[in-house]
Amino acid sequence: AARYHGGVYATRRAALAATVAAEAHAVLLAHVRNAAAQALEAFGRDAARVIKESGDREDFAFAAAVGAVRAAVLAAYARAVEHESDSDDDADESEAYRAEARRLGAALDVATAELREREVARVVAALARAARAALADVVAEPPGADVWRRVLAAFDGEAAAGDAALARALDAAGVAESSDDRRAAIGALHAALWEAAAGLLRDEAADARVLSRLRSAVEDAFRYDAHGLPRVWTPADDMDAAFAAAREAARALLPRLARVDAAQSAVLLARHFFPPGYDVARTLELISPARQRDLARRFARDADALFLEAKRSVVATHARVPPWVLVLLVLLGWNEAMAVLFNPVYLVLVCMVGAAAFVVHSLGLWRPLLRAANGVSGVAGDHVHRLLVEAVNRTEPSNASTAVVRRRNKSVKKDSDDGGEEEVEMAPIASSFSSSSIHQASSPDL
């Protein structure tokens, strides 16, 4: 310092102090920003852990839980920058620290809003799943004239319960009553509830399900009476009229199931029930007119098959032998009946057979007796088949020799038309065949 003039030294000293202060300010500001980034990361991690651990509880208070995590993170940040923020040496540094704190608070507000939005979406999805499970039983019930009144009344009840549950969740999340976020959450809940119900209705409107419902409807109306008892048809009953009424009643269900009757709901067509831009009309049609015509044709075929089956069962059950056939049997069998009655041998044989049949019928032995007879006949058939196979195998060698002789005779006759030398050779062939046959017949092995 002695080498410099006093004024020069003071100038250089002030410049060095300013450079050191600027470098220190940059380092301290980087430290503060790093602490703020770590605080923001810790907030996201700890808040997600708290929500995951306690979010499924009904008494979970989102605002309180996230507020506690935020307070802990801000306290840790304050401890990390406590010395720097309390420094009053430079007003610019203090302002920079306060600005960084404000930026951290704004980032925490944004992260809290994102967490709140995800929590509301989770609550809405859970309520939609619960409503779908509750509506499944109502939608699966047999259809009737009041099908849409029952289904939409159940939907209105689930919507009211969902609104109450969502209101509690929004209050716990700290969403204001008149805020746009609250109105958006309620609209999203209503849309999710109706989408769940519409999905169930579309599943029930599949071709197989609709045909099954129509068949069940026509069977219930045709096979059972008004008291739920099965009908026993007789030839005197008017089956055609009963079937026509049952088929028309079942066919009338198809147009009713094709479109949701939104007028039966108290909230479905209400204003501001769904969020802006949601088109509920596109979800009301379940079966198009072309599908209705195709399903009507397929249902008509199934219903006609059911009617024919019932008709055949009535004819088979009540088929009777005409009286003139019985009179003809008596007239034609009179001589045989007299022969049996006046012949002691035949009479005793008939009495024994009748007594045996009565005993078997009384003891219920017809089925075991028929099974035994089938078994015996099968064994006898197998034995006869085996004997026939053995007999055929024994006769095959002689048949083969006869076939060889016939082929040779045919060849000799064919060649005899060309000259006389072949006719002379027949004698040795016949004599050799005869000698071999005599030798085989005289063999002791045969």
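Valine 124 lies in helix H4, helices here being DSSP runs of H or I with at least four residues, and strands runs of E with at least two, numbered from the N terminus. At 9% relative accessibility, valine 124 counts as buried, because buried means under 20% relative accessible area, exposed over 50%, and partly exposed in between (1.4 Å probe, protein chains only). Its C-alpha atom is 7.9 Å from that of alanine 185, although 61 residues separate valine 124 and alanine 185 in sequence. Apart from neighbours within four places in sequence, valine 124 is in contact (heavy atoms within 4.5 Å) with Leu166, Ala185, Ala188, Leu189 and Ala192.

This is a predicted model, in which local features need pLDDT of at least 70 and side-chain atom pairs count only at pLDDT 80 or more, whereas totals for chains, interfaces and linings use all residues. Residues are numbered from 1 along each chain as its sequence is written, and side-chain values use heavy atoms, with hydrogens and water left out.

**The chain as a whole**

The chain holds 16 helices and zero strands, and 26% of its 446 residues count as buried. Among contacts with a separation of 6 or more, 73% are between residues 24 or more positions apart. The accessible surface, computed by the Shrake-Rupley method with a 1.4 Å probe and, for residues, with only the protein chains shown as cover, comes to about 29400 Å², and 61% of that surface belongs to carbon and sulfur atoms.

**Buried positions**

Glutamate 119 is also placed in helix H4 (residues 91-139) and is buried at 8% relative accessibility. Its side chain makes a polar contact of 2.7 Å with that of arginine 122; such a contact is a pair of N or O atoms within 3.5 Å, where within protein one must be able to donate a hydrogen and the other to accept it, and residues adjacent in sequence count only if both atoms are side-chain atoms. Arginine 182, found in helix H6 (residues 180-204), is buried at 6% relative accessibility, and its contacts beyond four places in sequence include Asp171 and Glu177. Phenylalanine 60 sits in the loop between helix H1 (6-54) and helix H2 (62-80) and is buried at 9% relative accessibility; its C-alpha atom is 7.4 Å from that of alanine 172, 112 residues away in sequence.

**Salt bridges**

A search of the whole structure finds 24 salt bridges, each defined as a side-chain nitrogen of Lys or Arg within 4 Å of a carboxyl oxygen of Asp or Glu. Three of them are listed here.

| Pair | N to O distance |
|---|---|
| arginine 33 and glutamate 100 | 3.5 Å |
| arginine 132 and aspartate 203 | 3.3 Å |
| arginine 150 and aspartate 146 | 3.6 Å |

Salt bridges that share partners also join Asp207, Arg291, Asp294, Arg297 and Arg298 into one network. In the first pair of the table, arginine 33 is partly exposed at 45% relative accessibility, whereas glutamate 100 is buried at 8%.

**Helix H13 and what follows**

Helix H13 (residues 344-363) has 20 residues and should span 28 Å, because the expected span is 1.5 Å times one less than the number of residues, and its end C-alpha atoms are indeed 28 Å apart. Asparagine 343 caps its N-terminal end, with a side-chain oxygen 3.1 Å from the backbone nitrogen of valine 345, and H13 is followed by glycine 364, whose phi is positive, near 65°. Leucine 365 is placed in the loop between H13 and helix H14 (366-416) and is partly exposed, with a relative accessible area of 36%.
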